[in-house]
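Reader: Could you walk me through the labels on this one?
Author: Sure, have a look first.

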Amino acid sequence: MKDRPKRLNRPWQIDYNILSEDRIRFPLVAVVEKTPNNGNIKDDHFIVVKYKRKKYWVLFKCPCGCGHVISLSLQKHHRPCWSLKVKHGRPSLTPSIWQISGCKSHFFITNGVVQWCGRDSFIIE
Ligand SMILES: [Zn+2]
C-alpha cells in the first residue's frame, strides 16, 4: 500500500512534505559571512548573511523573475525586519514580502515554497 498524505488538522493547511520538488523555489539555505555580489545570486539561492553567530540579512532573487535581488533585515532593532525559520533545510519568512516599487510582487515564502498574494485572496502557485 502506498503512503497516504498525512491528514491535517486544518483543511487549509498544506502538507509540505507531499509537495512536488518543482514547487519548492528555495530548496536550501546558504549561510555566508560576507554579503555576496548580486550577480552571484542564482534563482534558487536563499542566502543568510551571518556574522559572529548573529543573522543579519537574507538575500534572494525576486521569484517573479524580474531579476531584482531582495535583501531583508533579520535584525530585530531594524524596521521592517523579518523572522526566518528553517525546517528540513528550507526557509520560511514572516511576515510576507511586498515589493513596494518595481514589480510590486507580494508573496510569502513558506518551507521554500512561494505563495503569491492576490488582491483579495491567496493564490498558491
Ligand atoms: Zn519581481
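Here is how the labels follow from their cut-offs.

Author: This is a predicted model, where local features need pLDDT of at least 70, side-chain atom pairs count only at pLDDT 80 or more, and totals for chains, interfaces and linings use all residues. Residues are numbered from 1 along each chain as its sequence is written.

Reader: What makes a stretch a strand, and how many strands does the protein have?
Author: Strands are DSSP runs of E with at least two residues, while helices are runs of H or I with at least four, both numbered from the N terminus. On that count the protein has nine strands and zero helices.

Reader: How do you know that β1 and β2 pair?
Author: Pairing takes at least two bridges found by DSSP between two strands. Three bridges join β1 (residues 30-32) to β2 (residues 47-51), so they pair, and they run parallel. Val32 sits opposite Val49 in β2.

Reader: And what makes β2 and β3 a pair?
Author: β2 shares five bridges with β3 (residues 54-61), in the antiparallel sense. Trp57 in β3 is the bridge partner of Val49, and Lys55 is that of Lys50. Their hairpin has two residues between the strands, and Lys52 takes a positive phi near 50° there.

Reader: Which strand does β3 pair with over five bridges, besides β2?
Author: That's β4 (residues 69-73), again antiparallel. Val58 stands opposite Leu72 in β4.

Reader: What makes a residue count as buried, and what share of the protein is buried?
Author: Buried needs 20 or more other C-beta atoms within 10 Å of a residue's own, with C-beta atoms placed from the backbone. Of the 125 residues, 13% meet that.

Notes: A residue is buried if 20 or more other C-beta atoms lie within 10 Å of its own, exposed if 12 or fewer, and partly exposed in between; C-beta atoms are placed from the backbone.
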